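This note sets out some points for a first reading of the structure. Please keep the sequence and the model in view while working through the numbered paragraphs.

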Amino acid sequence: MLSELRRDLPAVISHLQQIETILHSDGVVQDLLEKHISEPRIFWNSPLVNALLIPCQGVLQRANSIYKHYSVLAKWIKEGLEKTQLSNKVGEALLPQVGTVQNIFGYLIDFMALFLEPDQEDRPPNVRWLSVESFSKQQTLVIHAGPMTAAYFLDRSLWSRSYGVVLTSATLRGMGLFHRFRLDCGLHRFDEQHFLAVPSPFNYQKQAILHIPDMRFQPNEQQQQWQQEVVTKLTDIIDTKEATLVLFTSKLVMEAVYRQCPAAITAITMVQGDSLSPKNMVHRHIRQIESGKGSIIFGLDRFAEGVDLPGHLCTHVIITKLPFPVFTRPIEQAKQEWIIRKGGQPFTALSLPAVSVKLIQACGRLLRKETDSGRITILDKRLLTKGYGKKLLAHLPDYQLEQS
């Protein structure tokens, strides 16, 4: 076994060096390293992937052999400890090191299996791309490979093997349907009778007012004018004596709006990304409110989901803009391409369900307990003027709607 390890370990190093040489001789990689491009995708049957196949297959073969040997070694050490054939001191020194090597080669095997899996016509392909990451203050070239969707993994590993599974969440539906969730999770073969939307314990009509002010400008068409209008509206609608959460989709817009707000607002406002972490922002916000003062949080996605401020800790949620996702990452781009290839529309299939879920989650920051009450304000006129906006509005909880 040791003689095979002495053969396989240097072979892995040799294959990795071949991979590095191939990468650094490629034009796309040079453009990436010189920062002309960011996160370029590499495709199955492309010259670069074809050049990488043989050394990657070599790494996979050797890694499998090394992983199996270290599994046997770990088993021997554990048995030696159990039968007291090995001292605890020696066993405890060896096991963590053996486990570390197993983990490294386990990750390597998983990665190579994804990278080397050929694209198939009838299912979403794995996505491969390159990036430059910082490790120990050094810029390092990284190859990525990942499934476009977890659906097939979940189907193979969980749904097809389990007797029964119960999944629950406040937001599994997009645009009132489970369709996107079913596709993403590999549950498309299960029909609607397997899914249930249960009534909320909240009395939305009595507990929450949804206010959509009359806005002159749209964020996607008149960015600067809309931004200035947001400043004016915030000045009008924020009560500096209460607890307010203002949600943005852009850090630049959030900071620009903050700079233009009057001193009465900025004096009690914390902005995500300043000196405090989100966790510490929440702690300071709670202290401010419980001491009888007003407090305002300007936050991004991190505050639109998972933040729990019940009762008087949050009585006004302001959503400045519909939280449309921006699909710029390689896996997201690949999803759009797959939908188009299958005759679908990415806006309808991806964007609308995603923004529906995000909007419901953002509005959900207001009512955390059955005794809570307050108001939600959305500063985006597209909810009322666009066909998709009206659909998004229709699939929000039944808040008491107020327009001005």
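Is Lys 35 buried or exposed?

1. Lys 35 counts as exposed, because its relative accessibility is 69% and the cut-off for that class is over 50%. The residue belongs to the loop between α2 (27-33) and α3 (47-82). Its phi angle is near 65 degrees, a positive value in a residue other than glycine. Please bear in mind throughout that the model is predicted.

2. Ser 136 may be read alongside Lys 35. Its phi is near 50 degrees, and here too the value is positive in a residue other than glycine. Ser 136 is placed in the loop between β1 (126-135) and β2 (138-147). With a relative accessible area of 75%, Ser 136 is exposed.

3. The overall description of the chain is as follows. Its secondary structure amounts to 16 helices and nine strands. Of the 404 residues in the chain, 43% are buried. A box of roughly 80 × 55 × 50 Å, taken along the principal axes, is filled by the C-alpha atoms.

4. Salt bridges deserve a careful look; a search of the whole structure finds twelve. In one of them, the side chains of Arg 329 and Glu 39 meet at 2.7 Å, N to O. This pair links distant parts of the chain, 290 residues apart: Arg 329 lies in the loop between β7 (316-319) and α13 (330-341), and Glu 39 in the loop between α2 and α3. Arg 329 is partly exposed, with a relative accessible area of 40%.

5. A further salt bridge joins Arg 368 to Asp 308, with the closest N and O atoms 2.8 Å apart. These partners also connect distant parts of the chain, being 60 residues apart: Arg 368 is in the loop between α14 and β8 (374-378), whereas Asp 308 is in the loop between α12 (301-304) and β7. Arg 368 is partly exposed at 30% relative accessibility, and Asp 308 is partly exposed with a relative accessible area of 46%. Elsewhere, a network of salt bridges links Arg 7, Asp 8 and Arg 62.

6. Arg 128 takes part in two kinds of contact. It forms a salt bridge with Asp 119, in which the closest N and O atoms are 3.4 Å apart. Arg 128 also lies over the face of Phe 115, at 5.9 Å from the ring centre. Arg 128 counts as buried, because its relative accessibility is 2% and the limit for that class is under 20%. Its partner Asp 119, at 35%, counts as partly exposed. Another arginine placed over a ring is Arg 123, which lies over the face of Tyr 152 at 4.2 Å from the ring centre.

7. Which aromatic residues pair edge-to-face? The search of the whole structure finds nine aromatic pairs. Among them, Phe 347 and Tyr 388 have ring centres 5.5 Å apart and planes at 75 degrees, so the pair is edge-to-face. The two residues come from distant parts of the chain, 41 residues apart, with Phe 347 in helix α14 (residues 346-363) and Tyr 388 in helix α16 (residues 387-394). Phe 347 is partly exposed at 38% relative accessibility, while Tyr 388 is buried, with a relative accessible area of 18%. In addition, Phe 202, Tyr 204 and Tyr 399 form one aromatic cluster.

8. How many disulfides does a search of the whole structure find? The search finds zero. Cys 261 is in no disulfide, and the nearest cysteine sulfur, that of Cys 314, is 17 Å away. At 8% relative accessibility, Cys 261 counts as buried. Cys 363 is likewise in no disulfide; for this residue the nearest cysteine sulfur, again that of Cys 314, is 11 Å away. Cys 363 is buried, with a relative accessible area of 1%.

9. Two loop regions complete the note. Leu 158, Val 165 and Leu 167 form a nonpolar patch on the surface, with about 210 Å² of accessible area together. Leu 167 lies in the loop between α5 (151-159) and α6 (179-185) and counts as partly exposed at 41% relative accessibility. Asn 220 is found in the loop between β3 (208-212) and α8 (223-237), and it is partly exposed, with a relative accessible area of 44%. Asn 220 and Arg 382 are 162 residues apart in sequence, yet 9.5 Å apart in space, C-alpha to C-alpha.

How values were computed:
Residues numbered from 1 in each chain as written. Predicted model: local features only at pLDDT ≥ 70, side-chain atom pairs only at ≥ 80, totals over all residues. Heavy atoms only, no water. Patch = residues over 30% accessible without salt bridge, like charges linked within 9 Å, V, L, I, M, F, W, Y side chains within 5 Å. Areas by Shrake-Rupley, 256 points an atom, 1.4 Å probe, with all protein chains shown as cover. Salt bridge = Lys/Arg side-chain N within 4 Å of Asp/Glu carboxyl O. Helix = DSSP H or I, 4+ residues; strand = E, 2+ residues; numbered from the N terminus. Buried < 20%, exposed > 50% of the residue type's maximum accessible area, 1.4 Å probe, protein only. Phe/Tyr/Trp six-rings, centres within 6.5 Å; stacked < 30°, edge-to-face > 60°. Lys NZ or Arg CZ within 6 Å of the ring centre and 35° of its normal. Disulfide = S-S within 2.5 Å.
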